[in-house]
Each structure stands twice: as C-alpha cells, then as structure tokens.
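Let's take a walk through this protein together. Have a look at the model first, and then we'll go from a few local details out to the whole chain and back again.

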Amino acid sequence: MDLFDKCVKFTAARDAIEAGIYPYFHALSTYQDTVVTIEGRRTIMLGSNNYMGFTCDPRVIEASIAAVRRYGSGCSGSRFLNGTLEMHNEFEEELAEFLNKESSLTFSTGFQTNIGVLSTIAGPRDIIYSDRANHASIIDGNRLSFAKVTKYGHNDMDDLRSKLERAPEEAGKLIVTDGVFSMEGDIARLPEIVELAKRYNARIMVDDAHGLGMIGDCGRGTANYFGLDDEVDIIMGTFSKSLASLGGYVAAKENVTHYIRHHARSFIFSASIPPACCGAALESLRIMKREPELQQKLKENGDYLRAKFREAGITIGDSETAIIPVMTYDTMRTFKIHQMLLMNGVYCNPVIAPAVNEGECLLRTSCTATHTKEQLDEAVEIFKAVFAQV
C-alpha cells in the first residue's frame, strides 16, 4: 500500500466544499474585533477567544510595535541558548506574581506548554488522571509522558475518587483538568479535586487557557476563583486568548519550573516567542491588573448572552462562563446552520466529533468584554431566524 493512499481516500472535506457547507478557513480582512469583515461581509464575531478585547486595543498594539523596535522581529533561537530577552524574564516575573506562584516559564505556544510540562513531570511509573473533556494538547502531552493515563468522566468526582482509590501507593499521581472547559464553558470542580488530591497524595495541574481573564479576581483564573491558589501545584495557560498574543506559560513552585526549564523538549528545542508577542502579552497582563472592570464586563456579557439564547428558545449547554455551546447534535446539521448564520452575519465555531462525542455536536459561541448589548441582541435574533428555518 502506498503511504499516500490515506490522502487520496480522504474526501470528507472536499464533499463539504462541493455541498457549499464547508465551515473552516474563512478569512478575515479586519482586526479580530466584536464585528469583523469575513469574505466581504459584515459579521458579528461570536467565535473568538479574544475575551478581554485586547487584540485591537491601541495600547497593546503600541506595546507590540515598541517591542519590535527595541528587540527586532525575532529571537533567532531558543530560550535555552541565545533566545532569552530581558522582556521574557520581566514578563515571567510579573505573571508569576499575578498568579500568586513562585515562578513562571513561557513557551512558544500553549500546545507546546502542555506537551512539555506533562511529558517532563510524569513518567512511566506515574499515573495521570485526566478529565475526558480536556484539551487535545493535554491528551498528546499525556501520551508523550509514557505515564499510565486514566480518564475520568467529565467533572465526575465519584469516578475520579474510585479510580484514585485503586492506585498503588508508590505511584506518582497527577490530576490534570481544564479550569474552564473550552467547548462546554463550565468550570472544573476544583474544591473537590483538591480534597481528593490531599486524600490520595496526588498533585494537581490546571489548564487555565480559558480561565485566565474569564474568572477570578482581575481574571486570575480558576484556582483564584475558588480561593485555592496555594492548593494547585501547576497552572498553565496561553497568551492567545485573554492576552491577545501567541505563546504559553506554566506557573508553579520555583523548583518545578526550574526542572521543566532544563528538561522539557518543547521548551529547549523551540525558538522563543518573538518580541511582538511578548510585548503584547505583557501589556495585556498589565491592563488586566489595572482594570478589573473588564473581567466583570465579560461576566455580564456572558450572563446576558446565555439569558437571551434561553429567551429565544435556543438549546444551550450547561455553561457557567462567556463560552456558551449551542446544541446542534448532528454533523451535517451543524455545518448547515453554521453556513446559514455566516451568510446572515454571525460567525461562531462548529464543533463535531472527535472534539465532542458523536451526537453531541454544537456551535461554540463566546463573547468578549467589548461586545455591546446591541451586538449580542442582533446576533441572537439572527440565531433565532436561522433555527426557525432549520
């Protein structure tokens, strides 16, 4: 069999393109904002992770430009060698302080962060307990660790407890969970996870890619939201959402980040984040600290959009945040509704298996702190009209 046979036989995407319902790779010609232009059409953006609205904030843009003027366009090497800038160190210090941790370390992407941390911290003699709804980067990091991976039901603490009970005492144990789940919009049951971790001598890692900015004091994330900053051992996250940039981070005790710094292959063998990205993320973090009202506005917009969907009779998932899944169930139905929404001026994200279980397809909507009530009202009216046609 030829190696490329799989490429020839893959026709699903081309079939969707020919049917006029292919939902991916739609190009924007404007800023990532609350209203964008997609393929020439004015479109309300309900599919972005730009939770604070910083991607088009003039202060963030100017900070990015200033970083390029000072340091150039790139770092031309890994942090381990020639690619560490003074600004990288400055950012890591401020981020660690913001998250109430001893130390933090930045990676080139959030995906690389999870791969690097999990494959470094856990090994063949350890057990990783992973929520079934965790992000794909956690799944791949688990695989690369060579640890035994035990999945537990989504936010199912009874299932987690029963699996921890069966673990050998001598095994190292890590419970890893999203803080705010990226598709469901619900929050990890962290107080119960902490209780179980103490009882069974396990460590805790929280992926707060969507928690940072979303919840907690000034957007400090899931651990802070529950008052458990000191109880979570490792926090990771990304710059590509609330911090309006590109990159990832891990925050923990200094001896943990020191070990990761010297062992994580995705850190050691990747070029460091470029000055523009670091400058934008650092300025975004500083604005978040100075303007806590942004996090409150994000919460208010999430609550408002959730209520408007319910008022319109649109079925949504059990969201607690500004991420709100609209249930569509079937793959082709999801693609058709997505296309109709786009044609009528709303962009959101179609989510199908394997990102969700078969029969649980959805449209992932998310709002930002900078959406107006009028924009959200308009979007829901378009949803209502489209669902009425379907």
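A disulfide here means a pair of cysteine sulfur atoms within 2.5 Å. By that rule, the count for this structure, which is a predicted model, comes to zero disulfides. Take Cys361: it is in no disulfide, and its nearest cysteine sulfur, in Cys348, is 13 Å away. Cys367 tells a similar story, because its sulfur is 13 Å from the closest cysteine sulfur, again that of Cys348, and that is too far for a bond. Are these two cysteines buried or exposed? Cys361 has a relative accessibility of 0%, so it counts as buried. Cys367 is also at 0%, so it is buried as well.

Now zoom out to the whole chain. What is it built from? The protein chain has 15 helices and 13 strands. Its radius of gyration is 21 Å, close to the 21 Å that the globule rule gives for 390 residues, so the chain is as compact as a globular protein of that length. If you lay the C-alpha trace along its principal axes, it spans about 60 × 55 × 55 Å.

How much of the chain is tucked away? Of the 390 residues, 56% count as buried. The accessible surface comes to about 17500 Å², and 52% of that belongs to carbon and sulfur atoms. The contacts are worth a look too: counting those with a separation of 6 or more, 70% are between residues 24 or more positions apart. As for charge, the chain carries 41 positive and 52 negative charges, and the mean positions of the two groups are 2 Å apart.

With the overall picture in place, let's visit some individual spots, going along the chain. Start with Ser29, in the loop between helix 2 (12-18) and strand 1 (35-38). Its relative accessible area is 57%, and because exposed means over 50%, Ser29 counts as exposed. Look across from there to Arg41: the two residues are 12 apart along the chain, and their C-alpha atoms are separated by 9.8 Å.

Further along you come to Asn155, which sits in the loop between strand 5 (148-152) and helix 7. Asn155 is not a glycine, yet it has a positive phi of about 55°. With a relative accessible area of 10%, Asn155 is buried.

Step from that loop into helix 7 (residues 157-165) and you'll find Lys163. Is Lys163 buried or exposed? At a relative accessible area of 19%, it is buried, because the cut-off for buried is under 20%. Which residues does Lys163 touch? Leaving out residues up to four places away in sequence, it touches Tyr129, Thr150, Lys151 and Tyr152.

Ala244 brings up the matter of phi again. This residue is found in the loop between strand 8 (234-238) and strand 9 (248-252). Its phi is near 55°, a positive value in a residue other than glycine. Ala244 is buried, with a relative accessible area of 17%.

Next comes helix 13 (residues 293-311), where you'll find Asp303. Asp303 has a relative accessibility of 34%, so it counts as partly exposed. Thr321 is 18 residues from Asp303 along the chain, and the C-alpha atoms of the pair are separated by 7.4 Å.

Keep going and you reach a peptide bond to look at: the one from Ala353 to Pro354 is cis, with omega near 10°. Where does Pro354 lie? It is in the loop between strand 12 (349-351) and strand 13.

Our last stop is Thr372, in the loop between strand 13 (361-366) and helix 15 (373-389). Its relative accessible area is 31%, so Thr372 is partly exposed. Now look for Asn301: it is 71 residues from Thr372 in sequence, but C-alpha to C-alpha the two are 8.1 Å apart in space.

Key:
Residues numbered from 1 in each chain as written. Predicted model: local features only at pLDDT ≥ 70, side-chain atom pairs only at ≥ 80, totals over all residues. Heavy atoms only, no water. Helix = DSSP H or I, 4+ residues; strand = E, 2+ residues; numbered from the N terminus. Rg over C-alpha atoms; globule rule 2.2 N^0.38 Å. Buried < 20%, exposed > 50% of the residue type's maximum accessible area, 1.4 Å probe, protein only. Contact = heavy atoms within 4.5 Å. Areas by Shrake-Rupley, 256 points an atom, 1.4 Å probe, with all protein chains shown as cover. Lys, Arg positive; Asp, Glu negative; His and termini not counted. Charge placed at Lys NZ, Arg CZ, Asp CG, Glu CD.
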